[in-house]
Amino acid sequence: MKLFPILGGIHPDYRKERTSEKAIVAMPMPATLYIPLQQHIGAPAEVLVAEGDLVRKGQMIARNQGTVSASQHAPTSGRIKAVTEVAAPHPSGLPQMTIVLESDGKDEWADLPEPIADPFTADMHTINDRVAQSGIVGMGGAAFPSAIKLNLGEQKKLEILLLNGAECEPYLTCDDRVMREYPDEIIDGARIMAHALGTPRIVIAIEQNKPQAIGIMTKAASAFPEIRVVGVPVQYPMGSERHLVQAITGRETPARKLTADLGVVVHNVSTTRAVHHAVRFGRPLVARVVTVSGGAIREPNNVLTPIGTLVSDLVEFCGGFAVRPESVVNGGPMMGQPLPSLDVPVVKGTSGILALTAEEINDSQTSSCIRCGNCVTVCPCGLSPIDMASFIRKDKLDGAAKLGVMDCFSCGSCSWVCPSHIPLVHYFNYAKGALNDLERERSKGDRVKIFVESRTVRLERAAEAKRATLAARKPASDNAAPGNAAEAKPAPTTEEKANA
Ligand code: SF4
Ligand code: SF4
């Protein structure tokens with residue numbers, strides 16, 4: 001299959017060998033789990049349980065609400081201890097509403113929905129409803145509710161379901177292991193999703209530094225002529241949806257458009273496996289494989305982890321810290337987020353927990369820009385990081401916006417390559433947040449303006465109607481005989497009576 005080059009990109013030290021040859025291990029069920037109502041892009045789920053309730057594994061404990069949302073399910077059986085605020089697995093550490101579940105040690109499943117007997121004759125709504133009901137979100141890190149992406153077949157003409165097995169972030173090997181250990185489940189999930197989407201072709205893209213996964217997936221797909229497994233070049237950020245589509249089709253997704261506008265829908269390989277579980281067994285998403293790695297971890301591994309496990313419990317399962325970590329990151333080292341503490345839960349989008357040493361972070365002193373242009377060369381979006389940063393430093397956000405800062409997807413390549421160690425991506429994250437806030441304020445102002453304008457129009461119309469009513473009454477009094485005005489006067493209106 002012909003592949004197309006992507007713009008820019010870098011070749012960091014991948015360090016995947018620490019966990020890539022270790023088979024997935026399941027950790028014991030922790031005594032307490034913390035299940036946030038919002039583990040996805042969109043609105044938080046609506047709580048269905050209260051303190052003291054007994055629940056079983058797989059039972060829905062919070063229901064999706066609004067257009068973009070995802071349900072949450074109990075990862076084990078036990079008792080609801082509280083519904084309260086707990087620190088989020090985010091650098092801010094801000095509290096978010098969370099269901100606290102005490103395990104009863106039995107791990108008893110609830111009565112699950114019946115399997116969909118023949119998914120390939122079921123209509124797309126049946127499949128999509130099951131995916132929504134099972135709380136499945138993008139497991140590559142984006143955590144976008146998967147059922148919404150599966151609905152795209154209704155709105156757009158789609159050609160390809162593209163499975164993302166690139167896993168281009170250093171250290172992470174969870175998708176690699178899932179492909180090597182559960183290839184048939186991924187293939188089945190992919191065929192079900194392609195059926196729901198109406199795509200005639202499936203392409204599974206895997207970076208060439210995973211030769212075993214490419215071989216195993218190719219063998220598993222060999223019975224299905226509609227599936228192609230493709231080894232793509234090892235080049236960060238190949239795993240970004242837009243860049244993977246470009247590598248496979250040669251087509252560039254325009255800014256503020258979806259890859260679906262080019263006829264391609266992208267899903268992560270682990271998400272696809274979760275769809276297989278939901279459709280074939282009625283099982284919701286209650287656990288995921290997490291890569292636990294980094295120089296500070298004593299026993300790096302790929303761990304099947306119940307959703308809601310505290311990072312501290314997961315780290316302990318991996319032997320704890322061999323040395324004090326400089327930073328603990330949720331996700332990969334390039335796009336992951338530093339955690340405020342270990343007392344935060346693993347969520348559906350947690351692909352990795354990395355405990356990094358000072359040497360791995362390379363947090364060197366920042367110096368002045370030497371205008372080497374490296375950041376421009378590597379930007380996979382064709383942006384000019386040096387110029388955008390210059391505007392942002394002067395607080396000229398409009399200037400940065402004109403240069404396309406909102407198209408930056410924070411891949412971190414520019415920061416990684418900068419010899420002056422300028423934290424460029426931090427500038428862009430700040431600018432994007434500030435510009436989004438401004439946009440929200442602007443549209444709030446616009447809404448107020450529209451409200452005031454429509455109120456003025458309404459009042460003017462009411463005054464006009466009143467004038468017209470009074471004008472209609474006037475001829476009667478004008479025609480009245482002199483001295484008989486009282487008889488000609490119309491009966492007072494309710495309003496006039498009230499004012500009397
Ligand atoms: S890579 Fe760093 S030093 Fe080089 S031009 Fe960009 S900001 Fe300046
Ligand atoms: S972080 Fe943004 S500006 Fe920097 S290389 Fe990535 S996309 Fe380009």
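Me: What sign does the phi angle of Gly 135 take, just after α1?

Reply: In this predicted model, Gly 135 follows directly on α1 and takes a positive phi of about 65 degrees.

Me: Which residues of helix α1 are buried, and how should I read such a list?

Reply: The general idea is that an α-helix has 3.6 residues a turn, so residues three or four places apart point the same way. In helix α1, which covers residues 124-133, the buried residues are Ile 127, Asn 128, Arg 130, Val 131 and Ala 132.

Me: Which elements do the buried residues of α1 pack against?

Reply: They pack against three helices, namely α2 (146-150), α5 (183-197) and α8 (269-281).

Me: Where does the largest nonpolar core lie with respect to domain 1 and domain 2?

Reply: In soluble globular proteins, nonpolar side chains tend to be buried together. Here the largest nonpolar core has 103 residues, and Leu 161, Leu 162, Ile 204, Ala 205, Ile 206 and Met 217 are those with the most contacts inside it. Helix α5 gives this core its largest share, eight residues. Because domain 1 (16-106 + 116-290) and domain 2 (291-361) both contribute residues, the core lies between them. If residues up to four places away in sequence are left out, Ile 206 touches several others, among them Gly 165, Met 179, Val 229 and Val 232. There is also a second, separate core of 18 residues, which includes Leu 383, Ala 400, Cys 414 and Leu 424.

Me: How many residues of domain 1 and of domain 2 are in contact with each other?

Reply: The contact brings together 44 residues of domain 1 and 41 residues of domain 2. On the side of domain 1 that touches domain 2, the elements giving two or more residues are β1 (25-26), β2 (32-36), α4 (174-181) and β13 (287-293). Sorted by class, that side has 30 nonpolar, nine polar and five charged residues.

Me: Which strands does β7 pair with, and in which direction do they run?

Reply: As a general idea, in a regular strand the side chains alternate between the two faces of the sheet. Strand β7 (residues 78-87) runs antiparallel to β4 (residues 54-55), to which two bridges join it, and Leu 54 has Arg 79 as its bridge partner in β7. Nine bridges join β7 to β8 (residues 95-103), also antiparallel, and here Glu 85 is partnered by Met 97.

Me: Which residues come nearest to ligand 1?

Reply: Of the 14 residues around ligand 1, the nearest are Cys 369, Cys 372, Asn 374, Cys 375 and Cys 418. Helices α11 (374-378) and α12 (385-393) are the elements that give two or more residues to this shell, and by class the shell has ten nonpolar, three polar and one charged residues.

How values were computed
Residues numbered from 1 in each chain as written. Chains lettered and ligands numbered in written order. Predicted model: local features only at pLDDT ≥ 70, side-chain atom pairs only at ≥ 80, totals over all residues. Contact = placed C-beta atoms within 7 Å. Helix = DSSP H or I, 4+ residues; strand = E, 2+ residues; numbered from the N terminus. Nonpolar A, V, L, I, M, F, W, Y, C, P; charged D, E, K, R; others polar. Pairing = 2+ DSSP bridges. Near = placed C-beta within 6 Å. Buried ≥ 20, exposed ≤ 12 C-beta atoms within 10 Å, placed from the backbone. Core = buried A, V, L, I, M, F, W, Y, C linked by C-beta atoms within 7 Å. Domains from an automatic or database assignment.
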